[in-house]
Amino acid sequence: MLASLLILLAGFVVLIVGGELLVRGAVRVAERAGMSQLLIGLTIVGFGTSAPELVASVEAARAGSPGIAWGNVVGSNLANSLLILGAASVILPMMIPRGPLWRDGGLALGVTIVLWLVATTTGITVAIGAGFLALLISYLGYAYWAERTQPVGATAIHEKAESLEVTDTHLHDEQPLWRSFLVLGAGIIMIVLGGRWLVEGAVDLARLIGMSEAVIGLTVIAIGTSLPELVTSVIAAYKGASAVALGNVLGSNLFNLLLIGGVTAVIAPGTIPDEIANYGLPLLIVASVILMIFAVTGRRITRWEGGFLLVIYFAQLIYNIVAV
């Protein structure tokens, strides 16, 4: 059991560090290639910061562990909506622009409902996965248009990229091109290795302690792969950039559902485990609706509301571990 736990922890560390290196190397290479900051933010930063979750879910799907793959997707969004927003709001009450929340949060809610419907009826198909990926591409196209024609911060994807700027002032420091490629290559290798170790350790741990892979995905894997978003959003909230913290969460939710969910569905179509279809997804829908209510009633998440989100998260975490 100790060996499985060590492999799991090593996977987390290597995966997260690799994701950071991937983003930094890719951004610097793209800047030297003349890409605009807008395109870099919407594509490289957006995809790169979701790379740890993507690799973890793809490795799990390839290993025949759909519970870990889909548990990571749903569990990461639960952590984003309850744990991360709750913690950020406790640090500093978070103002909520209604437009981005209704549009970006509403899109994430709609996709979650669709995912729940197919999970409880037909199962996940390649066509559904392709539809999710097509929707992501369409949304990125809209985001690019919106950022060029509307005020800065018009979409959650932009704020997700901006969150990296807020928390890392050295991201665009000059360095030789060969070093940027070296960092990029090291990041790619590390996230691949980290993803494999993470899934291997999680599968072994689930078998040894008698817990389902779906619950491991919803809890341990989801929390671990969400740590970068947690750190980024908390720092952004501490610096008073509440819109950036909110956008980071909404953008991450969209990438988790459309990119990671879409790729997982294409690679490993089939049924979603009951723990996720009948528990995780309904809970995520409820959490999304609660955020909408907070936006309608006060256009902000107060400290007590953030505390309420944290209570819900830890209560469901305990329930997952004990009862599911």
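Helices here are DSSP runs of H or I with at least four residues, strands are runs of E with at least two, and both are numbered from the N terminus. With that in hand, welcome to the tour.

This is a predicted model, in which local features need pLDDT of at least 70 and side-chain atom pairs count only at pLDDT 80 or more, while totals for chains, interfaces and linings use all residues. Residues are numbered from 1 along each chain as its sequence is written, and side-chain values use heavy atoms, with hydrogens and water left out.

**Stop 1: the whole chain**

Start with a cartoon view. You should find 12 helices and two strands, running in the order α-α-α-α-β-α-α-α-α-α-α-α-β-α along the sequence. Of the 324 residues, 56% count as buried (buried is under 20% relative accessible area, exposed is over 50%, and partly exposed is in between, with a 1.4 Å probe and protein chains only).

Now switch on the surface. The accessible surface comes to about 12,900 Å², and carbon and sulfur atoms hold 71% of that (areas come from the Shrake-Rupley method with a 1.4 Å probe, and for residues only the protein chains shown count as cover). For contacts, meaning heavy atoms within 4.5 Å, take the pairs at least 6 apart in sequence: 84% of them join residues at least 24 apart.

**Stop 2: the cavity**

Rolling a probe the size of a water molecule over the atoms shows where empty space is left. On a 1 Å grid over the protein atoms alone, a cavity is a set of points where a 1.4 Å probe fits but cannot get out, and its lining residues have an atom within 4 Å of a point. Points are joined across faces, edges and corners, and the volume is the space filled by probe spheres set on them.

The structure holds one cavity of 30 Å³ or more, and the largest cavity has a volume of about 110 Å³. Select Ser 81, Gly 105, Ala 108, Asn 253 and Ser 288, which are the closest to its centre of the 14 lining residues. Next, colour α4 (66–91), α5 (98–119), α10 (242–267) and α11 (274–298), the elements that each give two or more residues to this lining. Which element gives the most to the lining of the largest cavity? That is α5, with five residues. By type, the lining divides into eight nonpolar, six polar and no charged residues (Ala, Val, Leu, Ile, Met, Phe, Trp, Tyr, Cys and Pro count as nonpolar, Asp, Glu, Lys and Arg as charged, and the others, Gly among them, as polar).

**Stop 3: the nonpolar cores**

A nonpolar core is a set of buried Ala, Val, Leu, Ile, Met, Phe, Trp, Tyr and Cys residues joined through side-chain atoms within 4.5 Å. Show Trp 70, Leu 85, Leu 115, Ile 272, Ile 276, Ile 301 and Leu 309 as sticks: of the 60 residues in the largest core, these touch the most other members. At least two residues each come from α4, α5, α6 (126–149), α9 (213–238), α10, α11 and α12 (303–322), and α10 supplies the largest share, 12 residues.

Zoom in on Leu 115. Beyond its neighbours within four places in sequence, Leu 115 is in contact with Trp 70, Ile 124, Phe 132, Leu 257, Ile 272 and Leu 281. Then move to a second, separate core of 23 residues, which includes Leu 22, Ala 61, Leu 184 and Ile 216.

**Stop 4: four single residues**

- Val 263 sits in helix α10. Leaving out residues up to four places away in sequence, Val 263 touches Leu 54, Val 58 and Leu 133. Its C-alpha atom is 8.1 Å from that of Leu 54, 209 residues away along the chain.
- Val 29 belongs to helix α1 (residues 2–32). Is Val 29 buried or exposed? Val 29 counts as buried because its relative accessibility is 17%. With residues up to four places away in sequence set aside, Val 29 touches Leu 177, Ser 180 and Phe 181.
- Ala 134 lies in helix α6 and counts as partly exposed, at 41% relative accessibility. Measure out to Leu 258, 124 residues apart in sequence, and the C-alpha distance is 8.5 Å.
- Thr 49 is in helix α2 (residues 37–49) and is partly exposed, with a relative accessible area of 21%.

Technical notes: On a 1 Å grid over the protein atoms alone, a cavity is a set of points where a 1.4 Å probe fits but cannot get out, and a pocket is an open set with protein on both sides within 12 Å along at least five of seven lines; lining residues have an atom within 4 Å of a point.
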